Amino acid sequence: MLTIGIDVGGTKVLGVAVDDQRSTTVLAEHRVPTPEGGVGLLDAVADLVAVLGAQVGAPAAIGVGVPGLVDRAGVLHMGPHLRHISNLPLAARLTEHLGLPTVVDNDANCHAVDEALVVTFGTGIGAGIITGGRLLRGANGFAGEPGHMVVEPNGPPCPCGKRGCWERFASGTGLGRLARDAAHGGQLDAVVDLAGGDPEAVRGEHVTAAARAGDADALAVLGDLAHWIALGLANLVNILDPGVVVIGGGLVEAADLFLPEVRSRFDRLVMAGGQRPELPIVAAALGGRAGAIGAGVLAAGGAGAVGDG
Ligand SMILES: [Zn+2]
């Protein structure tokens, strides 16, 4: 079945065309900037479906992964990084607008279809938790939001309205914030140069670019990032005891720069780190496309149920 999977991120919306017989082969892909507001999001998804459909033919179904609280009817209740969107019946609107069966789920749950247990580090942090072979959804379908567990009660404010959430420190956005703090403290000259000379313009990608060039200050900030990632993972692993942790999301492109440090810090932070079996912590094999591909696979599996509704 030819389907289109769409991964809505905090900065971009990525669409891929996949065939569920060959689910990891991307037949075509296209991306647009993340718009503001519900109407903008519906238009962006419709545009991606039109562009990809023109390249590969009409799809049988659409799957959409969004970073936020999505219930089982495909209603997006809120997304901390999606401004001016709340209580949007995304699945129903898209099904009506596109004339195609459409399933909508949390973006990290879309990763979990192919990858078992995933924590996604992008603009924010999400998680797909598989337990007993089934996705843990919770009473309302809202389970798996570790990005908003508080790791620093007096920490910086979060778009969710609380303070000191994990994703303020350990996401792509968190990396930029850690780097700006260091830059304002008079460090990170090479990174500030890459950002055009303004410490406030420093983003995560400037840090990873400088680190790849061997800059010691940039590598130190990635060490801080590794600490925060490891701290949150240790908390989650103490609760869930998974068999594998898969790291996904936009930060995975730089995983080689921080994953070894995450590994060693995790072993010190998790309960009984020296005594428990070593837990594999690996980067998602599908890289930054895993969420969109997973959404396409979900669409192939869920099309019948949604179409019947
Ligand atoms: Zn939060």
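Q: What volume does the second largest cavity have?

A: The second largest cavity comes to about 30 Å³. Keep in mind that this is a predicted model.

Q: Where does a cavity show up in the first place, and how many are counted here at 30 Å³ or more?

A: The general idea: roll a probe the size of a water molecule over the atoms, and you see where empty space is left. In this structure, two cavities of 30 Å³ or more turn up. The largest has a volume of about 70 Å³.

Q: Which classes of residue line the largest cavity?

A: The lining is ten nonpolar residues, with no polar and no charged ones. Among them are Leu117, Val119, Ala127, Ile129 and Pro242. Helix α8, residues 216-240, gives the most to this lining, with four residues.

Q: And what lines the second largest cavity, by class?

A: That one is a mix: four nonpolar, four polar and one charged. Its lining includes Gly68, Asn106, Asn109, Phe142 and Glu145.

Q: Moving to the metal, what is the geometry at the zinc ion?

A: For four tetrahedral donors, the ideal angle at a metal is 109.5 degrees. Here the angles among the four donor atoms run from 107 to 117 degrees, and the site is tetrahedral.

Q: Which atoms coordinate the zinc ion?

A: Look for His148 through ND1, plus Cys158, Cys160 and Cys165 through SG, at 2.0 to 2.4 Å. Along the sequence, these donors follow the spacing H-x9-C-x1-C-x4-C.

Q: Are Cys160 and Cys165 buried or partly exposed?

A: The cut-off for buried is under 20% relative accessible area. Cys165 has 0% relative accessibility, so Cys165 counts as buried. Cys160, at 21%, is partly exposed.

Notes
Residues are numbered from 1 along each chain as its sequence is written. This is a predicted model: local features need pLDDT of at least 70, side-chain atom pairs count only at pLDDT 80 or more; totals for chains, interfaces and linings use all residues. Side-chain values use heavy atoms; hydrogens and water are left out. On a 1 Å grid over the protein atoms alone, a cavity is a set of points where a 1.4 Å probe fits but cannot get out, and a pocket is an open set with protein on both sides within 12 Å along at least five of seven lines; lining residues have an atom within 4 Å of a point. Grid points are joined across faces, edges and corners, and a volume is the space filled by probe spheres set on the points. Helices (H or I, at least four residues) and strands (E, at least two) are DSSP runs, numbered from the N terminus. Ala, Val, Leu, Ile, Met, Phe, Trp, Tyr, Cys and Pro count as nonpolar, Asp, Glu, Lys and Arg as charged, and the others, Gly among them, as polar. Donors are N, O and S atoms within 2.8 Å of the metal (3.2 Å for Na, K and Ca); water is not among the atoms, so sites may look incomplete. Four donors count as tetrahedral if all angles lie between 85 and 135 degrees; four count as square planar and six as octahedral if opposite donors are over 155 degrees apart and all others between 65 and 115; anything else is irregular. Buried means under 20% relative accessible area, exposed over 50%, partly exposed in between (1.4 Å probe, protein chains only).
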